[in-house]
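Walk me through this structure, one piece at a time. Begin with a helix, then follow the packing outwards to the loops.

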Amino acid sequence: MFPDLKAVRAVLFDGTATSATAGPAKGAVALGRLTVDQHLQQVSWAGEVLPLTRLEREVLVALASPPLRVWTYRQLYERIWRADYLNDASAVRATVKRLRAKLRDASATIAVDSVRGVGFSLVGTTSHSRQ
């Protein structure tokens, strides 16, 4: 896990400088190599658009939003599905599983980590040992 926002920025920016003139399009938010464009409803990593569903995109946006933290199953479900959580984490787990695969396919240096019995958080893969 990231100890603080500075650590996640180091992973997201991967040592690349950002320019005010080469910033994201209007309505888009850039976090280093990760760009979320709310108007186009798309997420890109290092300039490549990720083929995410609405649910996958919203999970990633939640996990990447400051302050970085562990999101419980309840918090993710209520934010993404906009419904009351009924103690069934299967929908959240299935969405995270698909999101993880797409991040791996894009060679992203971020990943979604499980916090057993609690929920999920965003981590850097360069400093995180994967199972």
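Start with α2, in what is a predicted model. Its buried residues are Leu55, Glu56, Arg57, Glu58, Val59, Leu60, Ala62, Leu63 and Ala64. The list mixes residue types, with Glu56, Arg57 and Glu58 standing beside Leu55 and Val59. That makes 9 of the 11 residues of α2 buried, so the helix is largely enclosed by the rest of the structure. The cut-off behind the word is a relative accessible area under 20%.

Next comes α4, which runs over residues 90-105. This helix has 16 residues. From its first C-alpha to its last it reaches 23 Å, close to the 22 Å expected at 1.5 Å a residue. Which residues of α4 are buried? They are Val92, Thr95, Val96, Leu99, Arg100 and Leu103. Looking down the axis of α4, these buried residues fall within an arc of 140 degrees, so they line one face of the helix. On the other side of α4, Lys97, Arg104 and Asp105 are exposed.

What covers the buried residues of α4? The cover includes two helices already named in this account or soon to be, α2 (54-64) and α3. It also includes the strands β4 (48-50), β6 and β7 (119-124). The enclosed helix α2 is thus among the elements that cover α4.

Now turn to the rings. The structure holds 3 aromatic pairs. In one of them, the rings of tyrosine 73 and phenylalanine 120 have their centres 5.5 Å apart and their planes at 90 degrees, so the pair is edge-to-face. Tyrosine 73 lies in helix α3 and phenylalanine 120 in strand β7, so the pair ties together parts that are 47 residues apart in sequence. Both α3 and β7 are also among the elements covering α4. Are the partners buried or exposed? Tyrosine 73 is buried, at a relative accessible area of 12%. Phenylalanine 120 is buried as well, at 2%.

Tyrosine 73 has a further neighbour. Arginine 93 lies over the face of its ring, at 5.2 Å from the ring centre. A similar arrangement involves arginine 69, which lies over the face of tryptophan 71 at 3.8 Å from the ring centre. Elsewhere, Tyr77, Trp81 and Tyr85 form one aromatic cluster.

The loops come last. Arginine 82 is found in the loop between α3 (73-80) and α4. Its phi is positive, about 55 degrees, although it is not a glycine. Arginine 82 is exposed, with a relative accessible area of 58%.

Past the other end of α4, the backbone does something similar. Just after the helix, serine 107 takes a positive phi of about 55 degrees. Serine 107 is not a glycine either. Where does it sit? Serine 107 is in the loop between α4 and β6 (110-115). At 57% relative accessibility, it counts as exposed, because the threshold for that word is over 50%.

One more loop residue completes the tour. Leucine 40 lies in the loop between β2 (34-37) and β3 (42-45). Leucine 40 is exposed, with a relative accessible area of 55%. Its C-alpha is separated by 8.6 Å from that of alanine 28, which is 12 residues away along the chain.

Technical notes
Residues numbered from 1 in each chain as written. Predicted model: local features only at pLDDT ≥ 70, side-chain atom pairs only at ≥ 80, totals over all residues. Heavy atoms only, no water. Helix = DSSP H or I, 4+ residues; strand = E, 2+ residues; numbered from the N terminus. Buried < 20%, exposed > 50% of the residue type's maximum accessible area, 1.4 Å probe, protein only. Expected span 1.5 Å × (residues − 1). Arc of directions from axis to C-beta. Contact = heavy atoms within 4.5 Å. Phe/Tyr/Trp six-rings, centres within 6.5 Å; stacked < 30°, edge-to-face > 60°. Lys NZ or Arg CZ within 6 Å of the ring centre and 35° of its normal.
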